[in-house]
Amino acid sequence: SSGINAEYGAVPMAPAVAPVVPDIIAEDTEEMAELSAAWGKANVKDIIESQAFLYRLPGEDNSLPVPPKTLTKRKNSIRQSMKLTWERYKSCAWGSDKLHPDSCTGSTWFGLGLTIIDSLDTLFLMGLTDELKEAADFISTLNFKKNAKNANIFEMTIRVLGALLTMANLTGEKMYLTKAVTFGDMLIDSGAFSTESGVPLSDIDLSTGTAHKPTCPGCSKLSSLSEVTTIQLEFNELTRLTGNPKYKAATDAAMMTILSHLPSDGLPKQYVDVNSGRTSGTISLGARSDSYYEYLLKQWIQTGNSRYEREYIRAVASIQKKLVHTSYRNLTYVAEILGGGKMNHKMDHLVCFLPGTLALGTLYGAPAWHLALAESIVRTCVEMYHTSTGLAPEIIKFDDKGRLYISPNDEFSLLRPETVESLFVLWRVTHNDKYRAWAWDIYSSMERNRHPEWGFSSMSKINTSSRKSRKDSLESFVIAETLKYLYLIHEPDTVLPFSQYVFNTEAHPFPVKPRDFETIWAKGD
(Lines give C-alpha, C1' and ligand atoms only; values in the text may rest on other atoms or scores of the structure.)
Protein backbone atom coordinates (compact mmCIF):
# COMPACT_ATOMS: atom_id res chain seq x y z
CA SER A 1 0.00 0.00 0.00
CA SER A 2 1.51 3.28 -1.17
CA GLY A 3 4.98 1.87 -1.58
CA ILE A 4 5.29 0.04 1.72
CA ASN A 5 6.70 -3.44 1.35
CA ALA A 6 4.93 -6.54 2.61
CA GLU A 7 7.05 -6.77 5.76
CA TYR A 8 6.58 -3.08 6.45
CA GLY A 9 10.26 -2.41 6.59
CA ALA A 10 11.81 0.77 5.29
CA VAL A 11 9.40 3.16 3.61
CA PRO A 12 10.77 4.68 0.37
CA MET A 13 12.64 7.87 1.17
CA ALA A 14 11.40 11.19 -0.17
CA PRO A 15 13.78 12.68 -2.76
CA ALA A 16 16.14 15.40 -1.60
CA VAL A 17 13.96 17.94 -3.37
CA ALA A 18 10.55 16.60 -4.27
CA PRO A 19 8.93 17.42 -7.60
CA VAL A 20 5.32 18.40 -7.98
CA VAL A 21 3.68 15.11 -8.85
CA PRO A 22 0.20 15.72 -10.24
CA ASP A 23 -1.16 12.41 -8.96
CA ILE A 24 0.55 9.22 -7.80
CA ILE A 25 2.16 9.64 -11.17
CA ALA A 26 -0.82 9.41 -13.41
CA GLU A 27 -0.25 5.86 -14.48
CA ASP A 28 -3.32 5.23 -16.60
CA THR A 29 -3.26 6.32 -20.23
CA GLU A 30 -6.52 8.25 -20.10
CA GLU A 31 -5.35 10.44 -17.24
CA MET A 32 -1.95 10.96 -18.85
CA ALA A 33 -3.64 12.16 -22.03
CA GLU A 34 -5.85 14.51 -20.03
CA LEU A 35 -2.88 16.01 -18.20
CA SER A 36 -1.01 16.47 -21.46
CA ALA A 37 -3.98 18.16 -23.09
CA ALA A 38 -4.61 20.44 -20.11
CA TRP A 39 -1.00 21.54 -19.93
CA GLY A 40 -0.33 21.71 -23.64
CA LYS A 41 2.62 19.36 -23.40
CA ALA A 42 3.37 16.22 -25.34
CA ASN A 43 4.93 14.24 -22.53
CA VAL A 44 3.72 14.69 -18.97
CA LYS A 45 6.51 12.55 -17.54
CA ASP A 46 9.01 15.02 -18.94
CA ILE A 47 7.17 17.79 -17.08
CA ILE A 48 7.11 15.84 -13.82
CA GLU A 49 10.82 15.14 -14.02
CA SER A 50 11.79 18.64 -15.16
CA GLN A 51 13.99 20.57 -12.74
CA ALA A 52 11.87 23.65 -13.47
CA PHE A 53 9.05 22.21 -11.39
CA LEU A 54 10.94 21.42 -8.20
CA TYR A 55 8.62 23.43 -6.02
CA ARG A 56 10.74 23.59 -2.91
CA LEU A 57 13.33 25.76 -4.60
CA PRO A 58 12.94 29.34 -3.30
CA GLY A 59 10.95 31.48 -5.69
CA GLU A 60 9.54 28.64 -7.76
CA ASP A 61 5.78 29.23 -7.98
CA ASN A 62 5.07 27.58 -11.30
CA SER A 63 3.00 24.56 -10.30
CA LEU A 64 0.49 23.53 -12.91
CA PRO A 65 -3.33 23.42 -12.70
CA VAL A 66 -4.90 20.13 -11.67
CA PRO A 67 -7.34 18.74 -14.27
CA PRO A 68 -10.87 17.83 -13.09
CA LYS A 69 -10.41 14.06 -13.35
CA THR A 70 -7.24 14.25 -11.29
CA LEU A 71 -9.03 16.32 -8.66
CA THR A 72 -11.69 13.65 -8.44
CA LYS A 73 -9.11 10.88 -8.10
CA ARG A 74 -7.34 12.78 -5.35
CA LYS A 75 -10.56 13.35 -3.44
CA ASN A 76 -11.44 9.69 -3.77
CA SER A 77 -8.02 8.70 -2.45
CA ILE A 78 -8.36 10.94 0.61
CA ARG A 79 -11.91 9.71 1.14
CA GLN A 80 -10.68 6.12 1.04
CA SER A 81 -7.99 6.96 3.60
CA MET A 82 -10.71 8.33 5.85
CA LYS A 83 -12.84 5.23 5.33
CA LEU A 84 -9.96 2.91 6.21
CA THR A 85 -9.12 4.97 9.29
CA TRP A 86 -12.74 4.78 10.45
CA GLU A 87 -12.83 1.02 9.92
CA ARG A 88 -9.69 0.57 12.01
CA TYR A 89 -11.14 2.72 14.79
CA LYS A 90 -14.47 0.88 14.65
CA SER A 91 -12.87 -2.57 14.85
CA CYS A 92 -10.27 -1.72 17.50
CA ALA A 93 -11.42 1.19 19.65
CA TRP A 94 -15.14 1.89 19.22
CA GLY A 95 -16.33 4.29 21.90
CA SER A 96 -12.78 5.20 22.98
CA ASP A 97 -11.41 8.72 22.74
CA LYS A 98 -8.24 7.73 20.91
CA LEU A 99 -7.23 4.92 18.55
CA HIS A 100 -3.98 3.00 18.99
CA PRO A 101 -3.86 1.48 15.52
CA ASP A 102 -0.87 -0.85 15.81
CA SER A 103 -1.95 -2.60 19.01
CA CYS A 104 -5.61 -2.41 17.95
CA THR A 105 -6.72 -0.80 21.21
CA GLY A 106 -8.30 2.42 22.39
CA SER A 107 -7.68 4.76 25.31
CA THR A 108 -9.74 7.18 27.38
CA TRP A 109 -9.20 10.91 27.82
CA PHE A 110 -12.69 12.26 28.51
CA GLY A 111 -14.65 9.04 28.05
CA LEU A 112 -16.89 10.61 25.41
CA GLY A 113 -15.88 8.73 22.28
CA LEU A 114 -13.95 11.81 21.17
CA THR A 115 -12.83 10.36 17.84
CA ILE A 116 -16.45 9.66 16.88
CA ILE A 117 -17.64 13.17 17.72
CA ASP A 118 -14.66 14.91 16.13
CA SER A 119 -15.16 12.90 12.93
CA LEU A 120 -18.80 13.85 12.34
CA ASP A 121 -18.53 16.62 9.78
CA THR A 122 -15.59 14.97 8.01
CA LEU A 123 -17.82 11.94 7.43
CA PHE A 124 -20.66 14.23 6.34
CA LEU A 125 -18.55 16.26 3.89
CA MET A 126 -17.03 13.14 2.34
CA GLY A 127 -20.43 11.54 1.87
CA LEU A 128 -19.65 8.52 4.07
CA THR A 129 -23.30 8.03 5.00
CA ASP A 130 -23.07 4.56 6.57
CA GLU A 131 -20.24 5.63 8.83
CA LEU A 132 -22.06 8.85 9.72
CA LYS A 133 -25.14 6.87 10.77
CA GLU A 134 -22.96 4.72 13.04
CA ALA A 135 -21.57 7.86 14.63
CA ALA A 136 -25.00 9.47 15.01
CA ASP A 137 -26.41 6.34 16.65
CA PHE A 138 -23.57 6.40 19.18
CA ILE A 139 -24.08 10.08 19.99
CA SER A 140 -27.85 9.75 20.34
CA THR A 141 -27.37 7.65 23.50
CA LEU A 142 -24.25 9.43 24.82
CA ASN A 143 -24.28 10.51 28.46
CA PHE A 144 -21.79 13.28 29.21
CA LYS A 145 -21.42 12.33 32.87
CA LYS A 146 -18.25 10.26 32.83
CA ASN A 147 -15.51 9.29 35.25
CA ALA A 148 -13.09 11.90 33.92
CA LYS A 149 -11.88 14.15 36.73
CA ASN A 150 -9.56 16.38 34.68
CA ALA A 151 -11.41 17.01 31.43
CA ASN A 152 -10.07 20.13 29.74
CA ILE A 153 -12.82 22.66 28.99
CA PHE A 154 -11.02 24.16 25.99
CA GLU A 155 -10.41 20.80 24.33
CA MET A 156 -13.99 19.66 24.92
CA THR A 157 -15.39 22.95 23.66
CA ILE A 158 -13.53 23.01 20.35
CA ARG A 159 -13.93 19.29 19.65
CA VAL A 160 -17.20 18.15 21.22
CA LEU A 161 -19.32 21.30 21.35
CA GLY A 162 -17.86 22.51 18.05
CA ALA A 163 -18.68 19.29 16.21
CA LEU A 164 -22.21 19.05 17.61
CA LEU A 165 -22.99 22.66 16.62
CA THR A 166 -21.61 22.13 13.14
CA MET A 167 -23.74 19.05 12.60
CA ALA A 168 -26.83 20.85 13.92
CA ASN A 169 -26.27 23.42 11.17
CA LEU A 170 -25.27 21.06 8.36
CA THR A 171 -27.99 18.47 8.91
CA GLY A 172 -30.78 20.33 10.69
CA GLU A 173 -31.21 17.31 12.96
CA LYS A 174 -32.53 18.29 16.38
CA MET A 175 -30.55 15.59 18.17
CA TYR A 176 -27.25 17.40 17.60
CA LEU A 177 -28.51 20.71 18.97
CA THR A 178 -30.11 18.98 21.97
CA LYS A 179 -26.79 17.34 22.79
CA ALA A 180 -24.94 20.63 22.27
CA VAL A 181 -27.26 22.43 24.70
CA THR A 182 -26.88 19.68 27.30
CA PHE A 183 -23.11 19.79 27.00
CA GLY A 184 -22.92 23.59 26.89
CA ASP A 185 -25.05 23.83 30.02
CA MET A 186 -22.80 21.35 31.76
CA LEU A 187 -19.75 23.53 31.06
CA ILE A 188 -21.46 26.81 32.00
CA ASP A 189 -23.02 25.39 35.18
CA SER A 190 -19.72 23.85 36.33
CA GLY A 191 -18.63 27.10 37.97
CA ALA A 192 -15.74 27.45 35.54
CA PHE A 193 -16.74 31.01 34.66
CA SER A 194 -17.51 32.10 38.22
CA THR A 195 -14.01 33.37 38.94
CA GLU A 196 -13.32 36.91 40.13
CA SER A 197 -12.03 37.91 36.69
CA GLY A 198 -14.48 35.91 34.58
CA VAL A 199 -11.56 33.98 33.09
CA PRO A 200 -12.60 30.31 33.27
CA LEU A 201 -10.92 27.53 35.19
CA SER A 202 -9.25 25.05 32.89
CA ASP A 203 -10.71 21.66 33.84
CA ILE A 204 -13.96 19.99 34.86
CA ASP A 205 -14.73 16.78 36.70
CA LEU A 206 -17.32 15.22 34.38
CA SER A 207 -18.58 12.91 37.12
CA THR A 208 -19.61 15.81 39.37
CA GLY A 209 -19.88 18.67 36.87
CA THR A 210 -17.49 20.78 38.96
CA ALA A 211 -14.71 22.91 37.47
CA HIS A 212 -11.22 23.26 38.94
CA LYS A 213 -7.68 24.38 38.17
CA PRO A 214 -5.21 21.86 36.68
CA THR A 215 -4.31 19.10 39.14
CA CYS A 216 -2.02 16.92 37.02
CA PRO A 217 1.55 16.41 38.34
CA GLY A 218 3.87 19.11 37.09
CA CYS A 219 1.07 21.17 35.55
CA SER A 220 1.07 24.90 36.04
CA LYS A 221 -1.75 26.13 38.24
CA LEU A 222 -2.29 28.85 35.67
CA SER A 223 -4.51 28.51 32.62
CA SER A 224 -3.02 28.95 29.18
CA LEU A 225 -3.92 31.89 26.97
CA SER A 226 -5.34 29.70 24.22
CA GLU A 227 -7.54 27.77 26.67
CA VAL A 228 -9.46 30.83 27.82
CA THR A 229 -9.65 32.70 24.50
CA THR A 230 -10.52 29.85 22.12
CA ILE A 231 -14.01 28.96 23.30
CA GLN A 232 -15.84 32.07 22.16
CA LEU A 233 -16.86 31.02 18.64
CA GLU A 234 -18.53 27.91 19.97
CA PHE A 235 -20.51 29.59 22.77
CA ASN A 236 -21.45 32.47 20.46
CA GLU A 237 -22.89 29.93 18.03
CA LEU A 238 -24.76 28.16 20.83
CA THR A 239 -26.35 31.49 21.76
CA ARG A 240 -27.29 32.12 18.12
CA LEU A 241 -28.94 28.73 17.74
CA THR A 242 -30.81 28.80 21.06
CA GLY A 243 -31.46 32.50 21.57
CA ASN A 244 -30.09 32.16 25.11
CA PRO A 245 -27.51 34.93 25.80
CA LYS A 246 -25.86 33.21 28.77
CA TYR A 247 -23.38 31.27 26.66
CA LYS A 248 -22.02 34.25 24.78
CA ALA A 249 -22.04 36.42 27.90
CA ALA A 250 -19.83 34.00 29.82
CA THR A 251 -17.11 33.70 27.20
CA ASP A 252 -17.29 37.38 26.20
CA ALA A 253 -16.48 38.31 29.81
CA ALA A 254 -13.38 36.13 29.73
CA MET A 255 -12.22 37.64 26.44
CA MET A 256 -12.77 41.23 27.56
CA THR A 257 -10.77 40.60 30.73
CA ILE A 258 -7.80 39.44 28.66
CA LEU A 259 -8.11 42.39 26.28
CA SER A 260 -8.28 44.84 29.19
CA HIS A 261 -4.82 43.74 30.36
CA LEU A 262 -3.07 43.78 26.97
CA PRO A 263 0.31 45.54 26.78
CA SER A 264 0.80 48.37 24.32
CA ASP A 265 2.03 46.03 21.58
CA GLY A 266 -1.07 43.81 21.85
CA LEU A 267 0.94 40.64 22.49
CA PRO A 268 -0.16 38.82 25.66
CA LYS A 269 1.98 36.13 27.30
CA GLN A 270 1.13 32.44 27.33
CA TYR A 271 -0.15 31.88 30.90
CA VAL A 272 -3.19 33.49 32.53
CA ASP A 273 -3.97 34.01 36.20
CA VAL A 274 -7.70 33.27 36.40
CA ASN A 275 -8.07 35.57 39.43
CA SER A 276 -6.59 38.70 37.87
CA GLY A 277 -6.70 37.96 34.14
CA ARG A 278 -3.07 39.03 33.78
CA THR A 279 -0.65 37.03 31.63
CA SER A 280 2.91 35.86 32.25
CA GLY A 281 5.63 33.79 30.64
CA THR A 282 6.65 33.57 26.99
CA ILE A 283 5.26 35.58 24.07
CA SER A 284 4.62 32.96 21.43
CA LEU A 285 2.39 31.97 18.55
CA GLY A 286 2.98 28.31 19.33
CA ALA A 287 1.65 26.04 22.06
CA ARG A 288 -0.57 27.68 24.71
CA SER A 289 -0.98 30.93 22.74
CA ASP A 290 -1.62 30.14 19.08
CA SER A 291 -5.39 30.18 18.75
CA TYR A 292 -5.78 33.43 20.71
CA TYR A 293 -4.68 35.23 17.54
CA GLU A 294 -6.80 33.00 15.34
CA TYR A 295 -9.93 33.77 17.38
CA LEU A 296 -9.28 37.52 17.40
CA LEU A 297 -9.79 37.43 13.64
CA LYS A 298 -12.58 34.88 13.67
CA GLN A 299 -14.58 36.66 16.36
CA TRP A 300 -14.35 39.77 14.21
CA ILE A 301 -15.69 37.72 11.29
CA GLN A 302 -18.39 36.05 13.39
CA THR A 303 -19.64 39.05 15.37
CA GLY A 304 -18.54 42.12 13.41
CA ASN A 305 -17.24 43.64 16.68
CA SER A 306 -14.66 46.26 15.70
CA ARG A 307 -12.76 45.76 18.97
CA TYR A 308 -11.58 42.39 17.69
CA GLU A 309 -10.60 43.95 14.38
CA ARG A 310 -8.45 46.58 16.08
CA GLU A 311 -6.74 44.11 18.38
CA TYR A 312 -6.08 41.68 15.54
CA ILE A 313 -4.54 44.34 13.29
CA ARG A 314 -2.42 45.68 16.16
CA ALA A 315 -1.22 42.20 17.12
CA VAL A 316 -0.18 41.29 13.57
CA ALA A 317 1.78 44.53 13.24
CA SER A 318 3.65 43.69 16.46
CA ILE A 319 4.25 40.10 15.36
CA GLN A 320 5.81 41.39 12.15
CA LYS A 321 7.96 43.90 14.04
CA LYS A 322 9.08 41.79 16.99
CA LEU A 323 8.80 38.09 16.19
CA VAL A 324 9.28 37.59 12.44
CA HIS A 325 12.82 36.68 11.34
CA THR A 326 14.52 35.40 8.20
CA SER A 327 17.01 32.52 8.11
CA TYR A 328 20.17 32.45 6.05
CA ARG A 329 18.23 30.55 3.38
CA ASN A 330 15.56 33.26 3.34
CA LEU A 331 13.07 31.17 5.28
CA THR A 332 10.64 33.40 7.18
CA TYR A 333 9.83 32.15 10.67
CA VAL A 334 8.11 33.37 13.82
CA ALA A 335 10.27 33.27 16.95
CA GLU A 336 9.34 33.63 20.64
CA ILE A 337 10.25 36.11 23.37
CA LEU A 338 11.02 34.38 26.66
CA GLY A 339 9.86 35.76 29.99
CA GLY A 340 13.16 37.56 30.55
CA GLY A 341 13.01 39.26 27.17
CA LYS A 342 15.47 36.97 25.36
CA MET A 343 14.62 35.92 21.81
CA ASN A 344 14.08 32.18 21.34
CA HIS A 345 14.56 31.19 17.69
CA LYS A 346 12.20 28.23 17.59
CA MET A 347 8.95 27.73 15.70
CA ASP A 348 6.34 25.10 16.54
CA HIS A 349 4.46 23.41 13.74
CA LEU A 350 1.44 24.85 15.55
CA VAL A 351 2.55 28.31 14.33
CA CYS A 352 1.74 27.18 10.80
CA PHE A 353 -1.89 28.14 11.44
CA LEU A 354 -0.77 31.76 11.05
CA PRO A 355 -0.43 31.93 7.23
CA GLY A 356 -4.03 30.78 6.86
CA THR A 357 -5.25 33.28 9.43
CA LEU A 358 -3.34 36.13 7.78
CA ALA A 359 -4.66 35.23 4.33
CA LEU A 360 -8.23 34.92 5.58
CA GLY A 361 -8.02 38.34 7.19
CA THR A 362 -7.22 40.00 3.87
CA LEU A 363 -10.62 38.91 2.55
CA TYR A 364 -12.17 41.03 5.29
CA GLY A 365 -10.04 44.11 4.64
CA ALA A 366 -6.84 43.46 6.57
CA PRO A 367 -3.75 45.09 4.97
CA ALA A 368 -2.47 43.48 1.78
CA TRP A 369 1.00 42.94 3.29
CA HIS A 370 -0.57 40.33 5.57
CA LEU A 371 -0.97 38.09 2.52
CA ALA A 372 2.66 38.55 1.51
CA LEU A 373 3.73 37.61 5.04
CA ALA A 374 1.43 34.58 4.95
CA GLU A 375 2.97 33.33 1.72
CA SER A 376 6.48 33.74 3.15
CA ILE A 377 5.76 31.86 6.37
CA VAL A 378 3.89 29.01 4.69
CA ARG A 379 6.94 28.28 2.54
CA THR A 380 8.87 27.64 5.75
CA CYS A 381 6.05 25.42 7.00
CA VAL A 382 6.25 23.36 3.81
CA GLU A 383 10.02 23.19 4.19
CA MET A 384 9.44 21.48 7.56
CA TYR A 385 8.22 18.47 5.56
CA HIS A 386 11.57 18.20 3.76
CA THR A 387 12.57 15.12 5.78
CA SER A 388 13.26 11.47 5.04
CA THR A 389 9.62 10.53 5.67
CA GLY A 390 8.15 13.68 4.14
CA LEU A 391 6.52 14.41 7.52
CA ALA A 392 7.13 17.54 9.59
CA PRO A 393 8.67 17.63 13.08
CA GLU A 394 6.86 19.16 16.03
CA ILE A 395 9.33 22.04 16.31
CA ILE A 396 12.13 23.57 14.25
CA LYS A 397 14.91 25.78 15.59
CA PHE A 398 17.46 28.18 14.13
CA ASP A 399 21.02 28.58 15.38
CA ASP A 400 22.90 31.86 15.80
CA LYS A 401 23.79 31.78 12.09
CA GLY A 402 20.17 31.31 11.05
CA ARG A 403 20.54 27.65 10.13
CA LEU A 404 17.51 25.41 10.58
CA TYR A 405 17.88 22.31 12.74
CA ILE A 406 15.69 19.80 14.60
CA SER A 407 16.44 18.79 18.19
CA PRO A 408 16.14 15.05 18.98
CA ASN A 409 13.24 15.72 21.37
CA ASP A 410 11.31 17.52 18.64
CA GLU A 411 11.63 15.12 15.71
CA PHE A 412 8.24 13.47 16.19
CA SER A 413 5.13 14.02 14.11
CA LEU A 414 1.50 13.94 15.26
CA LEU A 415 0.30 14.47 11.65
CA ARG A 416 -0.79 17.93 12.69
CA PRO A 417 -3.16 19.95 10.47
CA GLU A 418 -1.83 23.51 10.66
CA THR A 419 0.17 23.54 7.43
CA VAL A 420 -2.54 21.92 5.31
CA GLU A 421 -5.07 24.26 6.93
CA SER A 422 -3.04 27.26 5.75
CA LEU A 423 -2.54 25.75 2.31
CA PHE A 424 -6.31 25.31 2.04
CA VAL A 425 -6.97 28.94 2.97
CA LEU A 426 -4.21 30.25 0.70
CA TRP A 427 -5.58 28.19 -2.19
CA ARG A 428 -9.02 29.70 -1.68
CA VAL A 429 -7.64 33.24 -1.40
CA THR A 430 -5.08 33.16 -4.25
CA HIS A 431 -5.97 30.16 -6.44
CA ASN A 432 -2.23 29.65 -6.87
CA ASP A 433 -1.84 26.00 -7.89
CA LYS A 434 1.31 25.54 -5.83
CA TYR A 435 -0.82 25.33 -2.68
CA ARG A 436 -2.74 22.35 -3.99
CA ALA A 437 0.53 20.77 -5.11
CA TRP A 438 2.10 21.20 -1.69
CA ALA A 439 -0.98 19.81 0.06
CA TRP A 440 -0.99 16.76 -2.20
CA ASP A 441 2.68 16.16 -1.50
CA ILE A 442 1.96 16.16 2.26
CA TYR A 443 -0.88 13.71 1.80
CA SER A 444 1.33 11.50 -0.37
CA SER A 445 3.93 11.45 2.42
CA MET A 446 1.26 10.44 4.92
CA GLU A 447 0.26 7.61 2.59
CA ARG A 448 3.86 6.46 2.17
CA ASN A 449 4.06 6.08 5.93
CA ARG A 450 0.65 4.48 6.38
CA HIS A 451 0.71 0.82 7.38
CA PRO A 452 -1.30 -1.23 4.85
CA GLU A 453 -3.38 -2.82 7.63
CA TRP A 454 -3.09 -0.57 10.67
CA GLY A 455 -3.32 2.78 8.89
CA PHE A 456 -1.99 6.16 9.98
CA SER A 457 -0.04 6.73 13.18
CA SER A 458 1.95 9.47 14.84
CA MET A 459 5.67 8.99 14.25
CA SER A 460 8.41 9.22 16.88
CA LYS A 461 11.17 10.04 14.38
CA ILE A 462 10.47 11.85 11.12
CA ASN A 463 13.86 10.97 9.67
CA THR A 464 13.48 7.23 10.22
CA SER A 465 11.05 5.41 7.95
CA SER A 466 10.40 2.18 9.79
CA ARG A 467 7.82 0.39 11.84
CA LYS A 468 9.82 1.17 14.98
CA SER A 469 9.14 4.88 14.44
CA ARG A 470 5.38 4.48 14.72
CA LYS A 471 3.99 5.78 18.03
CA ASP A 472 0.88 3.57 17.88
CA SER A 473 -1.34 6.61 18.40
CA LEU A 474 -3.74 8.58 16.24
CA GLU A 475 -5.08 11.92 17.44
CA SER A 476 -8.69 12.74 16.62
CA PHE A 477 -7.58 15.98 14.94
CA VAL A 478 -6.02 13.96 12.13
CA ILE A 479 -9.56 13.03 11.09
CA ALA A 480 -11.27 16.25 12.16
CA GLU A 481 -8.72 18.58 10.57
CA THR A 482 -5.83 17.10 8.60
CA LEU A 483 -7.86 14.82 6.33
CA LYS A 484 -10.74 17.29 6.13
CA TYR A 485 -8.55 20.17 4.93
CA LEU A 486 -6.76 17.88 2.48
CA TYR A 487 -10.15 16.93 1.08
CA LEU A 488 -11.57 20.46 0.99
CA ILE A 489 -8.59 21.92 -0.89
CA HIS A 490 -9.70 19.76 -3.82
CA GLU A 491 -13.34 20.86 -3.56
CA PRO A 492 -14.88 23.91 -5.31
CA ASP A 493 -14.90 27.20 -3.39
CA THR A 494 -18.69 26.90 -3.19
CA VAL A 495 -18.35 24.12 -0.61
CA LEU A 496 -18.41 25.94 2.75
CA PRO A 497 -17.51 29.30 1.15
CA PHE A 498 -15.52 31.72 3.30
CA SER A 499 -18.14 34.39 2.65
CA GLN A 500 -20.67 32.30 4.61
CA TYR A 501 -18.69 30.12 7.05
CA VAL A 502 -15.88 30.40 9.54
CA PHE A 503 -13.99 27.33 10.81
CA ASN A 504 -13.29 26.90 14.49
CA THR A 505 -9.81 25.87 15.56
CA GLU A 506 -10.75 22.18 15.24
CA ALA A 507 -11.97 22.71 11.64
CA HIS A 508 -15.66 22.60 12.51
CA PRO A 509 -17.42 25.23 10.34
CA PHE A 510 -20.05 27.66 11.67
CA PRO A 511 -22.29 29.86 9.49
CA VAL A 512 -21.74 33.62 9.57
CA LYS A 513 -23.55 36.58 8.05
CA PRO A 514 -22.89 36.39 4.27
CA ARG A 515 -20.28 38.84 3.01
CA ASP A 516 -19.57 40.33 -0.40
CA PHE A 517 -15.78 40.41 -0.50
CA GLU A 518 -15.62 42.57 -3.62
CA THR A 519 -17.63 45.26 -1.84
CA ILE A 520 -15.32 45.05 1.19
CA TRP A 521 -12.25 45.44 -1.02
CA ALA A 522 -13.81 48.33 -2.95
CA LYS A 523 -14.50 50.19 0.29
CA GLY A 524 -11.05 49.44 1.64
CA ASP A 525 -12.60 48.45 4.96
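Which side chain meets that of E237 in a salt bridge? Before the pair is described, a word on the model is in order. The structure is a predicted model, in which local features need pLDDT of at least 70 and side-chain atom pairs count only at pLDDT 80 or more, while totals for chains, interfaces and linings use all residues. Residues are numbered from 1 along each chain as its sequence is written, and side-chain values use heavy atoms, with hydrogens and water left out.

The partner of E237 is R240, and the two side chains meet at 2.8 Å, N to O; a salt bridge here is a side-chain nitrogen of Lys or Arg within 4 Å of a carboxyl oxygen of Asp or Glu. Both residues belong to helix α9 (residues 232-242), where, being three residues apart, they are separated by about one helical turn. Helices (H or I, at least four residues) and strands (E, at least two) are DSSP runs, numbered from the N terminus. An α-helix has 3.6 residues a turn, so residues three or four places apart point the same way. E237 is buried, with a relative accessible area of 2%, whereas R240 is partly exposed at 48%; buried means under 20% relative accessible area, exposed over 50%, and partly exposed in between (1.4 Å probe, protein chains only).

A search of the whole structure finds 26 salt bridges, among them two that reach beyond a single element. In one, the side chains of D410 and K397 meet at 3.6 Å, N to O, and this pair links distant parts of the chain, with D410 in the loop between β15 and α15 and K397 in strand β14 (residues 395-398), 13 residues apart. D410 is buried, with a relative accessible area of 10%, and K397 is partly exposed, with 23%. In the other, the side chains of D493 and R428 meet at 3.4 Å, N to O. D493 lies in the loop between α17 and β16 (501-503) and R428 in helix α15, so the pair ties together parts that are 65 residues apart in sequence. Here D493 is partly exposed, with a relative accessible area of 28%, and R428 is buried, with 8%. Salt bridges that share partners also join E155, R159 and E506 into one network.

Two members of that network, E155 and R159, lead on to the largest pocket, which is lined by 36 residues, and they are among those nearest its centre, together with W109, F154 and R416. The volume of this pocket is about 980 Å³. A pocket is an open set of points, on a 1 Å grid over the protein atoms alone, where a 1.4 Å probe fits, with protein on both sides within 12 Å along at least five of seven lines, and lining residues have an atom within 4 Å of a point. Grid points are joined across faces, edges and corners, and the volume is the space filled by probe spheres set on the points. Two or more lining residues come from each of α6 (153-171), β6 (223-224), α8 (225-229), α11 (290-303), α15 (418-430) and α17 (476-488), and α6 gives the largest share, four residues. By class, the lining divides into 13 nonpolar, 10 polar and 13 charged residues, where Ala, Val, Leu, Ile, Met, Phe, Trp, Tyr, Cys and Pro count as nonpolar, Asp, Glu, Lys and Arg as charged, and the others, Gly among them, as polar.

Several loop residues are also buried. S413, found in the loop between β15 (404-405) and α15, has 4% relative accessibility, and a polar atom of its side chain lies 3.1 Å from the backbone nitrogen of L415. Leaving aside residues up to four places away in sequence, S413 touches L391, A392, S458, M459 and I462, contact meaning heavy atoms within 4.5 Å. S473, in the loop between α16 (433-448) and α17, counts as buried at 9%, and its contacts, with the same sequence neighbours left out, include S458 as well as K98, L99 and H100. S473 and T105 are 368 residues apart in sequence but 9.6 Å apart in space, C-alpha to C-alpha.

Finally, 10 of the 10 residues of helix α13 (residues 354-363) are buried, so this helix is largely enclosed by the rest of the structure. Just after α13, G365 takes a positive phi of about 105 degrees.

Note on methods. A polar contact is a pair of N or O atoms within 3.5 Å; within protein, one must be able to donate a hydrogen and the other to accept it, and residues adjacent in sequence count only if both atoms are side-chain atoms.
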